[in-house]
Every structure is written in C-alpha cells, then in structure tokens.
Amino acid sequence: MSDLRERIGTALGSGWTFAGLYAVSAAGPVRVVLADDAGGLRVESADVVRAEVPSIIDLAPAAGWDEREAHDLYGIHFTGHDPLRPLVDHDLDLGTWTVPVQGHDPYQVAVGPIHAGVIESGHFRFHLVGERILHLDARLFYKHRGLERAAEGVTLEEGSRYVARACAACAVTNGVAYAQAVEQALGLRSVPELARVRTTLLELERVWSHLNDISAVCAGTGLAAGAQHFAGLTERARRLNARLTGHRLLFGTVRIGGSDLAIDAEPIAHAGRELEELQAAAESGWRELVFNRSFQDRLPDVGVVRARDARRLGATGPAARASGVAVDQRAAGPGLAYDGLEPVVPEGATGDVRARLEQRSLELTQSFDLLDRLLTAPFAPSSAENGGGELALGAARVESPRGATLCVVERDGDQLARVHLRTGSYANWPVVAFAAAGNMLPDFPLINKSFELCYACADR
Amino acid sequence: MLTLLRDLRRLRRQIALPRPDRGRSLRIRHADCGSCNGCEHELILTSSPYVDLERFGIGIVASPRHADVLLVTGAVTTRMQAPLLSAWNAMPEPRRVVALGDCALGENVLGTPEEIVGPAEAVLPVDLRIPGCPPTPDEIASALLALFDGAAPEELPPATWRATG
C-alpha cells in the first residue's frame, strides 16, 4: 500500500510536480501524472484493492479535488484522505461537503448556481462574520455532463469532439492537448509547420481571453468605460478569428495527426495589421486604467495568494505567475513553436487582484509578439510524421489562457478506452476559494474575475 | 479616463449603430444549465460597443423576480434542473423562455444520459429558439428583438409551467 506513496514522495522530492490523478474505472487502476520543468510527463499507476487506494493528499495537496472526484465518480476510497468530502456528488447534506467553521456569530451566504450576470453556473457558500469571509466552500459540477465517460468506446477521432466541446474558451488548448496525447500514443511526431499553426491558434485563443479578462475586472469594479473598451477589443479579436478560420471561437481548427487550415497571404497580412491595431488599442486602454486612481485603489491586497500557497495548492497559469511562480507550460511544451519563451511575472508579484490583472497585460504583449513572429507566411495543410512506437497511453500538457492543461488518452487499438482532461481552471478553483478567505464579501466578484476561470472544463 | 471616454465616443460614431425606431424594455434572466460557455461568451458581447443590445432597453437582471425572459444556455444537466425550475417559478407573468444555442435546442449534445435531462424544452415551454454553436452576438440580438417585436403579448400562447416527466 505504501508503494504508490513511496514512488510519488520520491518523485516530488526530486523535482517532479503533481499534474493530475484519475481512476481508469471503478476497478482501477488509479493513475497519478507528474510533470517536470522540461515538459516531461510521467504516469504512476496504483491498483485498486477492495475499492481502496492510498491517498497522496498530504504529499500533494493539489490532488484534493482529483481524489474527491475519483471517489464520487468511481467509488474508490482514498485511505488517509479524511474527511473525503463529496465534490461531484451533490445529494448530501451541508455538513458533509462544507468545512466546519467556528467564529463569533458566523453565518452563511449561499450564492448560485445561477448568478447575477451572464456567467456560468456554480455554487459558493461563504462563511462570514459581518462582511468578512472566514471561509469559502465552492461547489461546482452543476454543469457536469459526463463527457469523459460518454467518450469511452468511441474512435480516437470522434473523441476529439468530446474534448473540443468541454469548453469554448479552451477549445484550442483542449484540442491541441488531446491531439498531442493521441499522437504520442500513435507514435506520431509534430513537424514545424504543424507546430506553427497550432501555436498560432493557441495564441489567438489567449489574446481574446486576456482582453476579455481585463474587461471583466473593469466590470468587477464598476468601471464601465474600461469594460466597454476591452469588450470592443474582444469583439474585434473574435472577428479576426472568424476571418482567419471561419469561427469566432476557433472551433473545428484542431484535429489529430495534422492540420487542414489553409490561410493565404492576404488574410495573413490583414491579420498582422489588425493585431497591430489591437495591440495599440489594448496598450492605450491599459494606460488609461493605470492612471485611473479610483480603479487602481480597488485592486491591491485583495484576494492575495502567496507563492508558497500557490505552489502548495497547485496553482497554474497567470494566477500562479502573478504570485511569483515563474512557470509557463509554453516554455517547456514540445511539438509547438514557443522556442525561447520565458515565463513573465509582474513586478513585486504580489499575488493580489492587481498582480493578476497586470499579468494579463504582460502576457498580451508576449502573445502579440509571438503572433507577429508566427504570422510571417501563409498556412498550408500539414501532417505529423511517424516518429516512434505505439503506446497504450499518451499524455500532453498545454498552456491554456488559465494555466497548464493535461490530457491523458488511453487507447484500445483505434478506440478511446479512457480520456482524462484536467484543465488550468480545474487546478485553480481551489485557489480561488483559498484567495477569498479574509476578504470582504463585496470584493469576491472582483477576486473571482481576477482568476476568470471556466466552469465548463472543470465540470466536464 | 477622459481619453478612454473620448475613444469610446469616437468608436461609437465610427460604428454608427442605428438608433432604435421606438422604445422597448425587456429584462432577461440568464441561466446556464450545462453549456460549454461558448453561448455565454457571445451573449456577453451583445453589450459590446459593436452590438449594444442595451440601447433597445434589453438587459440582464440579477434576479428572476425582475425578469421578463428566462434565457437558457446549454442542455439541462440533472443538477441544474431544480435551479432552473426555481428561477422560472420566481418569475412574474408575463414571462417567456428563450433557448439559446444548439445544446439548449437539443442539437449535438454530448454527455451521458445519467447526467443530462435534455434540451430546455424537456423542462420548460420554450417561446424562442436561437440556434448556433454558438450564435453570434448579432444573431442573438436580432432574435431577441424579433421576440419582442414579432407578436403582441396576447398573440403568444400562454406560458404554462410543465413538470418534468
């Protein structure tokens, strides 16, 4: 029983980090995925004996949601994870899924799943004294569709539909992660032209996402002019996506084994000009935000996550980098065209709303520079090449606009036996709950918007 | 701040959206019942300077008690069925349901039968269907205006609350 824990403990002690945990089926095995700095992935497996597997939550606190999910979906008990609170399973009383809170006259405010504006569904149960949040229990999985289970038994090609529709905001990232995982299992290797087109699509996704996030934070403080400015830029970015690929959210642009995307010189040149204008407009809007005192006053010291907590909780993406964790899957990821990309962190890396917002601006600059470098020639269809032996399992990790996204594919010939998608949003949801503690309730929408995570790709 | 406002005014003049021909008012309560968030992202952009649905008096409200329309995105998951009905029950008459996007219409829905109840019409009577994966902000705006303008309220069939089967 200690064998898994020994292997994981040794790995974590020698530079590997926790990247995911899932059950293949109710009978097991349970897989633990680890990642290193160079983009390498490693899978450790453990047999399920009498519906039990040892928990690794003390070794990797970031595995909390993963173990709870595997328990709820596959009935596996993780010994040592005590109490093993329900996550996906909603039909239980409050006492079982919320954390007991003691304080001077604490009370609860329950918000959602349906929220005030246009936002995805999820439940937040705040434990408060007055307006101060003592603790937040977040309960998602209201949007759980059972995508991974529904995809079992389909062909590898059909499987990409399930992953692609896990989340619109991560459509490209999830598509690329799935394609690369399948390609690894099939012994296929990327070629420069395929790397270039996939990287371009990933960065186009990141650009509209970060513009949207800046708009959202402005909206979270009530700065309508800022929200409108960046909403207008988000609209322009979506129109550019449609002009280049036929879809505003880049749906249908990624497939296994190659790319069918063909873009001539003229639309490429137009894209270059449009991105230049977008960058100039984003920078001028950003400058206005920097000099808006009442806006800036809302941002510092709110929703603080320190670097050591970010690491412990498994934070990833802009939120982690804003806390000073200088890790970016793009710097490591194989098969893409990110050579030389260095993770950026904001000055001071204060891990508050201010830092997470500034991180979007820094990364937009990175993305505009990358696209400038990538959009130098037309795109023609390309194919991955044969590069190695076939495997029963393939895994890939790609940087979504919200952090590192893992996809593991287990195949049975041409059939998809099991697919597991663990996105940047999934990793960061527990960090949002952590960031809320100690803040005032009216600041929660702002804290939430500074992460701007997806619910759909967490719930699947 | 002043530059931001000046730039927005300039942008609005440049985009030159037509003025509404008459006054309207429609308050929408949005309920995400299991979407991939594509419909949400396009719905959000109906309030960008390029579409500006609010100039017609059409906007989102924070409570079903204030709403004329319940706008559903996504196919309805088992966990969202009760919250959806709860929102509907809280809405005063006259009230209408809009199903936004292909999933809410039951097209190309992915997932297991254990987790998905069905399209919006499996739970509530639907008055307006807006197809698309996702529909664009322009398509959403046009369809919502058509709902408002397409028929006088007395011509629409009375909304009936339907228990799930």
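In this predicted model, Arg330(A) forms a salt bridge with Glu203(A), and the closest N and O atoms are 3.2 Å apart. The pair ties together distant parts of the chain: Arg330(A) sits in helix H13 (residues 329-332) of chain A, Glu203(A) in helix H7 (residues 192-221) of chain A, and 127 residues separate them. Is Arg330(A) buried or exposed? Its relative accessibility is 2%, so Arg330(A) counts as buried. Glu203(A) is buried as well, because its relative accessible area is 0%.

Arg330(A) has a further partner to look at. A salt bridge also joins Arg330(A) to Asp328(A), with 3.0 Å between the closest N and O atoms. Asp328(A) has a relative accessible area of 3% and is therefore buried. If you follow these charges outward, you reach a network of salt bridges that links Glu203(A), Arg206(A), Arg321(A), Asp328(A), Arg330(A), Glu363(A) and Glu399(A). Over all chains, the structure holds 40 salt bridges.

For a contrast in setting, turn to Arg293(A) and Asp297(A), whose side chains meet in a salt bridge at 3.1 Å, N to O. Arg293(A) counts as exposed because its relative accessibility is 64%, and Asp297(A) counts as exposed at 51%. Side chains of opposite charge can pair when their charged atoms come close.

Here are the three bridges side by side.

| Salt bridge | Closest N to O distance |
|---|---|
| Arg330(A) and Glu203(A) | 3.2 Å |
| Arg330(A) and Asp328(A) | 3.0 Å |
| Arg293(A) and Asp297(A) | 3.1 Å |

Now for the helices. Helix H7 of chain A, the home of Glu203(A), has 30 residues, which should span 44 Å at 1.5 Å a residue; the end C-alpha atoms of H7(A) are 43 Å apart, which agrees. How many of the 30 residues of H7(A) are buried? The count is 26, so H7(A) is largely enclosed by the rest of the structure. After H7(A) comes Gly222(A), with a positive phi near 85°.

Helix H14 (residues 353-374) of chain A can be read in a similar way. H14(A) has 22 residues and reaches 31 Å from its first C-alpha to its last, close to the 32 Å expected at 1.5 Å a residue. Of those 22 residues, 16 are buried, so H14(A) too is largely enclosed by the rest of the structure.

Helix H6 (residues 171-186) of chain A holds Glu183(A), and Val172(A) is found in H6 of chain A too. Val172(A) counts as buried because its relative accessibility is 1%. In sequence, Val172(A) and Glu203(A) are 31 residues apart, while their C-alpha atoms are 9.3 Å apart in space. Beyond its neighbours within four places in sequence, Val172(A) is in contact with Leu201(A), Leu202(A), Glu205(A), Leu250(A), Thr253(A) and Val254(A).

Which side chain makes a polar contact with the side chain of Glu183(A)? That partner is Arg198(A), at 2.7 Å. Glu183(A) is buried because its relative accessible area is 3%. Setting aside neighbours within four places in sequence, the contacts of Glu183(A) are Leu188(A), Arg198(A), Arg255(A), Ile256(A), Gly257(A) and Gly258(A).

Chain B offers two more places to visit. Arg95(B) lies in the loop between helix H3 (78-90) and strand E5 (96-100) of chain B. With a relative accessible area of 10%, under the 20% limit, Arg95(B) is buried. Polar atoms of the Arg95(B) side chain lie 2.6 Å from the backbone oxygen of Trp88(B) and 3.4 Å from the backbone oxygen of Met91(B).

The other place is at the surface, where Met1(B), Leu2(B) and Leu5(B) make a nonpolar patch of about 280 Å². Leu5(B) belongs to helix H1 (residues 2-15) of chain B. Why does Leu5(B) count as partly exposed? Its relative accessibility is 32%, and partly exposed covers the range between the buried limit of under 20% and the exposed limit of over 50%.

Key: Residues numbered from 1 in each chain as written. Chains lettered and ligands numbered in written order. Predicted model: local features only at pLDDT ≥ 70, side-chain atom pairs only at ≥ 80, totals over all residues. Heavy atoms only, no water. Helix = DSSP H or I, 4+ residues; strand = E, 2+ residues; numbered from the N terminus. Buried < 20%, exposed > 50% of the residue type's maximum accessible area, 1.4 Å probe, protein only. Polar contact = N/O pair within 3.5 Å; in protein donor to acceptor, adjacent residues only side chain to side chain. Contact = heavy atoms within 4.5 Å. Expected span 1.5 Å × (residues − 1). Patch = residues over 30% accessible without salt bridge, like charges linked within 9 Å, V, L, I, M, F, W, Y side chains within 5 Å. Areas by Shrake-Rupley, 256 points an atom, 1.4 Å probe, with all protein chains shown as cover. Salt bridge = Lys/Arg side-chain N within 4 Å of Asp/Glu carboxyl O.
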